[in-house]
Amino acid sequence: MSKDNGFLEYERVPNGDIPPLERIKDFKEFHVYLDGEGRIRQAARCMDCGVPFCQSAMKLSGMVTGCPLHNLIPEWNKQVYEEHYELAYGRLSKTSNFPEFTGRVCPALCEKACINGEHSEPTTVHDNELFIIETAFEKGYIKPSPPKVRSTKKVAVVGSGPSGLAAADTLNKRGHFVDVYERDDRIGGLLMYGIPNQKLDKSVIERRQRLMEEEGVNFLTNKNIESSADAKDLLARYDAVVLCCGAKKPRGLDAADPSKDKGVYFAVDFLKSTTQNLMDCGIMDRSVKELKEKGKFISAENKHVVVVGGGDTGNDCIGTSIRHGAKSVTAIEMMPKPPEERLSSNPWPEWPKTLKTDYGHQEAIALYGKDPRVYETTVKEIKKDKKGQIKKVVTSKVSFKDGKLSLVEGTQKEIPCDLLLIAAGFLGGEDYVYDAFGVKKTPRGTAQTEEGKYKTSAQKVFAAGDFHRGQSLVVWGIREGRECAREVDEFLMGYTN
């Protein structure tokens, strides 16, 4: 146990945030971190309980609670409490390749399973994790550590998102030669271009890239493996190929088509354009005004923005639109509004199906005076001007009966809309990847493998991450990359350590 009765002596104090109206002036990360003494007290709240649900990912009522990476949470909380920060990092790094990513963007499945949460407030596991990894970088505990012995095996990893990076890092540490192919101009996948800078500063990704390169991983950007000839070339030059290409095929909207309708975009394209221009212009730590002066991006400035989709991506669109200077933002969600407190049918340690007001929602409430979310609603049609530019959307209430969606008559409304962003999720990997490698796919558009395995139907080809499991969290991508690397290692060597 970190401290006898620490969970009784100290209240939960999470990291703070810069006030909404202040933080929307730039694209910097907006969290305010506790000092060392504050973090020690938070680590002291860990009970080191007999059955640590926090580190045991379990599916309960169809949803997972607890850490998919099986992080040794009670162990490193104890080390933080005792100020043994290097030991804390040693325990954390045994199970997690990139705590600096999950410590920023993970929804903390671990905390939802913390037994403290049954009667009071859970331990700040998420914030403690970030403290450990950032302290390790600051104090120099993390140094390049290339493998002392190399095998003769070469592996190509296609895609550099969370799963691709985890697979590459793990296989490289094992001693294999690893080349990572990325179709964008920078590595990171959704970490780079799917998650805004205010939530995950891109210098954090670049720091990890430099470390991995010094340890021997080779990154090749602007390399799209898009044809059977490309795939054949990789298979001829490498002993194994790992596909970590993401689930990048966006789910569309019947009422609007980004390829035809002006002012209609998929959320990922909108978010990418902002981050890419921030980095291209070299103004990551400066004001919104400078981006407008120097950048060329999909702008929400002075526009009525409508976001379709209620997940993390939709929230990121809200926060980014506000930073651009949007005139208004409306977020449309098909599902009913969740309850603010757990229902009796949703007990601990199940994932809490409760209302989450994220940073973008908080900023909209502060700026516009109301929650931007409209529930049980969809876009029925769009209205355009003579130039084909969207000007309004017609919304309708929806109902679900026998699993089927239907529009509710007499509930149609018109709202102004100059920019429509579709954040309705994804439909799996892109077809050209399956075609190029001859990989079979499931009806969900994911790579087909045996249950719990990563070997695909194609010889020497493995798959991991969203490309394998469908749209998911960063922490699941890292877990899949690690597990896939183990299977690849066994395939290459006949055994694995």
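The legends below describe close-up views of a predicted model.

**Figure 1. The whole chain of the predicted model.**
The chain has 497 residues, and 52% of them count as buried. Its secondary structure comes to 19 helices and 18 strands. The C-alpha trace spans about 65 × 65 × 50 Å along its principal axes. A compact globule with 497 residues would have a radius of gyration near 23 Å, and the value for the chain, 23 Å, agrees with this.

**Figure 2. The second largest pocket and its lining.**
This pocket has a volume of about 390 Å³. Its lining is made up of 17 residues, and those closest to the pocket centre are Tyr 89, Ser 93, Ser 96, Asp 169 and Lys 173. By residue class, the lining divides into 7 charged, 5 polar and 5 nonpolar residues. At least two lining residues come from each of helix 5 (85-93), helix 9 (162-174) and helix 11 (202-214). Helix 9 gives the largest share, with 3 residues.

**Figure 3. Helix 9 and the residue that follows it.**
Helix 9 has 13 residues, which at 1.5 Å a residue should span 18 Å; its end C-alpha atoms are 18 Å apart, in agreement with that value. Of these 13 residues 11 are buried, so the helix is largely enclosed by the rest of the structure. The buried set begins with Pro 162, Ser 163, Gly 164 and Leu 165, continues through Ala 166, Ala 167, Ala 168 and Asp 169, and also holds Leu 171, Asn 172 and Arg 174. Asp 169 is thus buried in helix 9 and is also among the residues closest to the centre of the second largest pocket. Just after the helix, Gly 175 takes a positive phi of about 115°.

**Figure 4. Helix 8, residues 125-138.**
The 14 residues of helix 8 should span 20 Å at 1.5 Å a residue, and the distance between its end C-alpha atoms, 20 Å, agrees. The helix is mostly covered, with 12 of its 14 residues buried. Charged and polar side chains are included here: Asp 127, Glu 129, Asn 128 and Thr 135 are among the buried residues. Others in the buried set are Val 125, His 126, Leu 130, Phe 131, Ile 132, Ile 133, Ala 136 and Phe 137. An α-helix has 3.6 residues a turn, so residues three or four places apart point the same way.

**Figure 5. Thr 102 in helix 6 and its contact in space with a distant part of the sequence.**
Thr 102 lies in helix 6, which covers residues 99-105. Thr 102 is buried, with a relative accessible area of 2%. Its C-alpha atom is 9.3 Å from that of Ile 478, although the two residues are 376 residues apart in sequence.

**Figure 6. Cysteines without disulfides.**
The structure holds 0 disulfides. For Cys 46, the nearest cysteine sulfur is that of Cys 54, 6.3 Å away. A disulfide needs the two sulfur atoms within 2.5 Å, and Cys 46 is in no disulfide. Cys 46 is buried, at 7% relative accessible area. For Cys 110, the nearest cysteine sulfur belongs to Cys 67 and is 6.1 Å away; Cys 110 is likewise in no disulfide. Cys 110 also counts as buried, at 9% relative accessibility.

Conventions
Residues numbered from 1 in each chain as written. Predicted model: local features only at pLDDT ≥ 70, side-chain atom pairs only at ≥ 80, totals over all residues. Heavy atoms only, no water. 1 Å grid on protein atoms, 1.4 Å probe; cavity = no way out; pocket = protein on both sides within 12 Å on 5 of 7 lines; lining within 4 Å. Points joined across faces, edges and corners; volume = space filled by probe spheres on them. Helix = DSSP H or I, 4+ residues; strand = E, 2+ residues; numbered from the N terminus. Buried < 20%, exposed > 50% of the residue type's maximum accessible area, 1.4 Å probe, protein only. Expected span 1.5 Å × (residues − 1). Rg over C-alpha atoms; globule rule 2.2 N^0.38 Å.
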